[in-house]
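Reader: I'm new to this one. Can you walk me through a few spots?
Author: Sure, let's look at it together.

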Amino acid sequence: MLVIGMVTGAGLYLVYHSIGSIHGAGPFLESAVTHIQPALLFMMLFLSFCRIEPRDLRPHRWQFWLLLLQGTLYVGLTLIVVWAMRHDGALAGFVTRLRIPLEAAMICLICPTATACAVVTGKLGGNMAQAITYTVFINVLVAFLVPLMVPLLYPSGELTFASAFLNILKKVFPLLLLPCAVAWLVRLVAPRFHKWLCSITDLAFYIWAVALTLAILMSTRAIVHNEGSPWLLAGIALASLVCCMFQFWAGRRIGGIYHDAGPVTVGQSLGQKNTVFAIWMGYTFMDPIVSVAGGFYSIWHNCYNSWQLYHHNHES
């Protein structure tokens with residue numbers, strides 16, 4: 001299903017891009033996608049919250065270590081690039097030449113967990129409640145860290161901590177808090193309807209498959225319309241691939257220590273990213289070419305998820 005969604009999303013955009021006569025419908029199609037995708041994510045997360053007891057959404061120790069890891073790597077890379085910008089010498093020059101791939105790595109490392117993470121985690125036998133709890137925590141961290149660090153990379157009087165902070169909150173929190181509130185309201189006032197929703201076990205997964213198609217479509221658009229050289233694109237692709245491999249590996253290693261969560265839950269929480277947010281963060285706060293990292297990361301982590309689901313289904 002994921003492979004079909006990925007191929008369909010990329011194929012749809014490439015067909016649109018190759019037929020010049022329909023380019024006039026581009027603004028309408030873009031507006032439709034930007035409205036449909038949040039609605040699909042809302043429905044998917046609402047169904048996930050319906051299946052989770054409110055008391056299960058509580059902090060765990062492994063979540064602290066993941067927050068520390070993501071925050072430290074992001075701040076560390078940012079400070080290295082800022083140092084190189086302000087100094088001369090061979091090492092500083094080398095880092096400056098790698099600035100765009102390093103910024104791509106920053107986005108991939110600090111990018112919050114995907115709202116679809118709980119769906120895949122549940123499919124793989126992990127703990128959906130713990131994955132959703134971490135999704136909320138990492139979004140809070142991103143809302144504070146990114147506005148603090150970006151002005152160091154791109155000094156501008158127009159970009160302030162408050163404006164960036166509010167921009168991020170407006171982007172992510174309606175899709176996190178509202179589905180939770182609606183799900184718990186339905187649990188209280190319409191228990192029979194709530195029970196029926198919980199009985200449809202695969203609905204959230206198929207909604208995600210449609211959302212994935214749109215996400216890959218937008219990722220393909222970001223890659224096709226970039227203005228970077230092939231070598232720069234290759235550097236961004238490599239940086240996003242390394243970050244993807246490292247985060248899934250690190251998450252599964254940390255999850256192996258905390259048996260109440262397990263490798264699946266922690267690995268998905270760290271490795272599966274909200275790549276639509278990464279693309280938005282790239283072209284909103286940084287050099288627009290950096291946004292392509294979110295598109296490449298979307299391909300890498302969904303390929304890995306497809307492989308995981310295939311093996312999990314065949315082993316079970």
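**Cys-198 and beyond**

Author: Start with Cys-198. This is a predicted model. Cys-198 has a relative accessible area of 21%, so the residue counts as partly exposed. Buried would need under 20%.

Reader: Which helix is Cys-198 in?
Author: Cys-198 sits in helix α10.

Reader: What does Cys-198 touch, leaving out residues up to four places away in sequence?
Author: Cys-50 and Arg-51.

Reader: And Gly-89? How far is that from Cys-198 in space?
Author: The two are 61 Å apart, C-alpha to C-alpha. In sequence, 109 residues separate Cys-198 and Gly-89.

Reader: Back to α10. At what angle does it pack with α9?
Author: About 125°. The axes of α9 and α10 are 5 Å apart. Helix α9 covers residues 174-189, and helix α10 covers 191-199.

Reader: Why are they called oblique to each other?
Author: Their angle is about 125°. Angles over 145 degrees count as roughly antiparallel and 65 to 115 as roughly perpendicular, so this one falls under oblique.

Reader: Which residues make the contact?
Author: From α9, Ala-183, Val-186, Arg-187, Leu-188 and Val-189. From α10, Pro-191, Phe-193 and His-194.

Reader: How many are nonpolar, polar or charged?
Author: Six nonpolar, one polar and one charged.

Reader: New topic. Is Ser-306 buried or exposed?
Author: Buried, because its relative accessibility is 15%. Ser-306 belongs to helix α15, residues 292-315.

Reader: What does Ser-306 touch, beyond four places in sequence?
Author: Ser-306 touches Leu-2 and Val-3.

Terms used. Residues are numbered from 1 along each chain as its sequence is written. This is a predicted model: local features need pLDDT of at least 70, side-chain atom pairs count only at pLDDT 80 or more; totals for chains, interfaces and linings use all residues. Side-chain values use heavy atoms; hydrogens and water are left out. Helices (H or I, at least four residues) and strands (E, at least two) are DSSP runs, numbered from the N terminus. Buried means under 20% relative accessible area, exposed over 50%, partly exposed in between (1.4 Å probe, protein chains only). Contact means heavy atoms within 4.5 Å. Axes are lines fitted to C-alpha atoms, for helices over the stretch in contact, and angles run from 0 to 180 degrees between N-to-C directions. Ala, Val, Leu, Ile, Met, Phe, Trp, Tyr, Cys and Pro count as nonpolar, Asp, Glu, Lys and Arg as charged, and the others, Gly among them, as polar.
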